[in-house]
Amino acid sequence: MTEDLCSPDELRALFLFEKLTDAQLDWLCRRGRAELIPAGPVYTEGDPATRFYVLLDGTVVLSRRVGADDVEVGRTSQRGAYAGAWQAYLGDRVPQLYNSSLRVTEPSRFFVLDADAFAQLMNEWFPMAVHLLDGGFFYRTNLQELTGQRERLLALGSLSAGLTHELNNPAAAAVRAAASLRDRVAAMRHELGTIAGGALDGATLRPLIQLQEEATGRAPNATALSPLEASDREDAIADWLDSHGIGDGWQLAPTFVAAGLDVAWLEHVAAAVGAAMLAGALRWLNYTVETELLLTEIEDATTRISTLVRAAKQYSQLDRAPYQVVDVHELLDSTLAMLAGKIPPGIRVVKDYDRSLPAIPAYAAELNQAWTNLIDNAVAAMGQAGVLTVRTGLDRDQVVVDIGDTGPGVPAKIRERIFEPFFTTKPVGQGTGLGLDITWRIVVNKHHGDIQLESVPGDTRFRVRLPVTPANTERTSN
């Protein structure tokens, strides 16, 4: 690069400086300089921001890093275009780093001003403007942070409500089953006493005990029947019981059918105990089977509670280091479990996982927040019916996660704006417009990954790419 004389007249021809006085233009030429920079990079995103550049002649290209790629965000040959340390007037209150990369496609001339000189210029020449810019910058930053916190709290409240609902159902089922179990055990003791007071000897009781063991063994593994099949079997058993003088057979039949027992099994009972003890034996066996079914119900309910608590623990990552090597499928499963209460029955969830994926380094709790935002958006887009697809795969050195829905799609005219902070298509009061912005920051800035949208009516997919290996440096979000 070469330097040449700075001309006040040349600066005055630029829109950026056209209102300055002769004295101010002379000051700029004393403190700054004109430089001819050969084709190639001028500065790199993330490096300390030490200079303010104003284009005099040539062509500049501005780019941002997205994952491992540099994505062009602007290209111009307009004289007076500026870039670089333009936030120097904020001083050390914000990280003074280049938030993009600048290169020139041909030898180009710039007016260059060191960052400290630019900060001095702004504060001495335009104190009111600096106050306004200062206030606007920090107001927007604080507003974005506060609104982001509100977004996270709203999501947490929604998840908590859903989790409470999901926990309440199995807990209530376990309580009901435990109360019924107490009644059945008391009745079973009574029937056992009746049988013990009868004429059954050891030779007769042994086959009955065997039938009891067979019945309790079948109960947990009984095949689920359709309502019509269950009704037909209940009618057959009730008829058999009526024909053997057991008048309340219609009350016993549903339990026997639920346990997978049939008329042939009842014939074995009749052959083992005889007609005199048949009614008492069947009632005792019915209570035994019902007890087993209730125990299975309690086991299922408590297992569901344990699964939900484990999912909540996995989702929150409260007992783990913020940055760790994780299985992305565990994070997705815990997020889906936490959101289960918010997904309408008419939406079918399809998980298409590549289980051979390697574990990845990640901020697990923040990735879970990203999955929450994407899945929540997909569900909202579909309303009450549709298909939510969560698919994983590997593309070279990146893990790929697709969150897809069958909703109406994202209109082409707003696709470029969906990651903008505060941009939302939801009615006032129903969205902050920060969900996708937060997701973008988590994926791109925090994890050095990439997120893209592909959308046509009936098939919308957010594709997230995450590196398999840790990034060498941590970029700050801007």
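Here are a few exercises on the predicted model shown above, each with a worked solution.

**Exercise 1. Get an overview: how many helices and strands does the protein have, and what share of its residues is buried?**

Step 1. Start with the secondary structure, which comes to eleven helices and 16 strands.

Step 2. Turn to burial: of the 478 residues in the protein, 44% are buried.

Step 3. Look at the surface, where the accessible area comes to about 24600 Å² and carbon and sulfur atoms account for 55% of it.

Step 4. Finish with the contacts: among those between residues at least 6 apart in sequence, 75% join residues at least 24 apart.

**Exercise 2. Check the confidence: what is the mean pLDDT, and which stretches fall below 50?**

Step 1. The mean pLDDT of the protein is 78, with 76% of the residues at 70 or more.

Step 2. Residues 427–432 have pLDDT below 50, and this stretch makes six contacts in the model beyond near neighbours in sequence.

Step 3. Residues 472–478 also stay under 50, and here the model has 16 contacts beyond four places in sequence.

**Exercise 3. Place strand β2: which strand is joined to it by five bridges, and is Arg 109 buried or exposed?**

Step 1. Strand β2 covers residues 33–37, and four of these five residues are buried, so the strand is largely enclosed by the rest of the structure.

Step 2. Its partner is strand β9, residues 108–114; the two run antiparallel and five bridges join them. Within this pairing, Ile 37 stands opposite Ser 108 of β9.

Step 3. Now find Arg 109, which lies in β9. Its relative accessible area is 17%; the cut-off for buried is under 20%, so Arg 109 counts as buried.

Step 4. Follow its side chain to that of Glu 10, where the two make a polar contact of 2.8 Å.

Step 5. For a C-alpha distance, take Arg 109 and Tyr 53: they are 56 residues apart in sequence and 9.6 Å apart in space.

**Exercise 4. Describe helix α9: how many of its residues are buried, and what is found at its start?**

Step 1. Helix α9 spans residues 328–339 and reaches 17 Å from first to last C-alpha, close to the expected 16 Å.

Step 2. Ten of its twelve residues are buried, so the helix is largely enclosed by the rest of the structure. Among them are Val 328, Leu 331, Thr 335 and Met 338.

Step 3. At the start of α9, a side-chain oxygen of Asp 327 comes to within 2.9 Å of the backbone nitrogen of His 329.

**Exercise 5. Explore the surroundings of Tyr 353: where is this residue, and which residues does it contact?**

Step 1. Tyr 353 sits in the loop between β11 (347–352) and β12 (360–363), and at 14% relative accessibility it counts as buried.

Step 2. Beyond four places in sequence, Tyr 353 is in contact with His 329, Leu 332, Asp 333, Leu 336, Val 390 and Thr 392. With Asp 333, the side chains share a polar contact of 3.0 Å.

Step 3. The C-alpha atoms of Tyr 353 and Arg 391 are 5.5 Å apart, although 38 residues separate them along the chain.

Step 4. Move to Thr 389, in strand β13 (residues 386–395). Thr 389 is buried at 15% relative accessibility, and residues up to four places away aside, it touches Val 350, Asp 402, Ile 403 and Gly 404.

Terms used
Residues numbered from 1 in each chain as written. Predicted model: local features only at pLDDT ≥ 70, side-chain atom pairs only at ≥ 80, totals over all residues. Heavy atoms only, no water. Buried < 20%, exposed > 50% of the residue type's maximum accessible area, 1.4 Å probe, protein only. Helix = DSSP H or I, 4+ residues; strand = E, 2+ residues; numbered from the N terminus. Pairing = 2+ DSSP bridges. Expected span 1.5 Å × (residues − 1). Polar contact = N/O pair within 3.5 Å; in protein donor to acceptor, adjacent residues only side chain to side chain. Contact = heavy atoms within 4.5 Å. Areas by Shrake-Rupley, 256 points an atom, 1.4 Å probe, with all protein chains shown as cover. pLDDT = per-residue confidence, 0-100.
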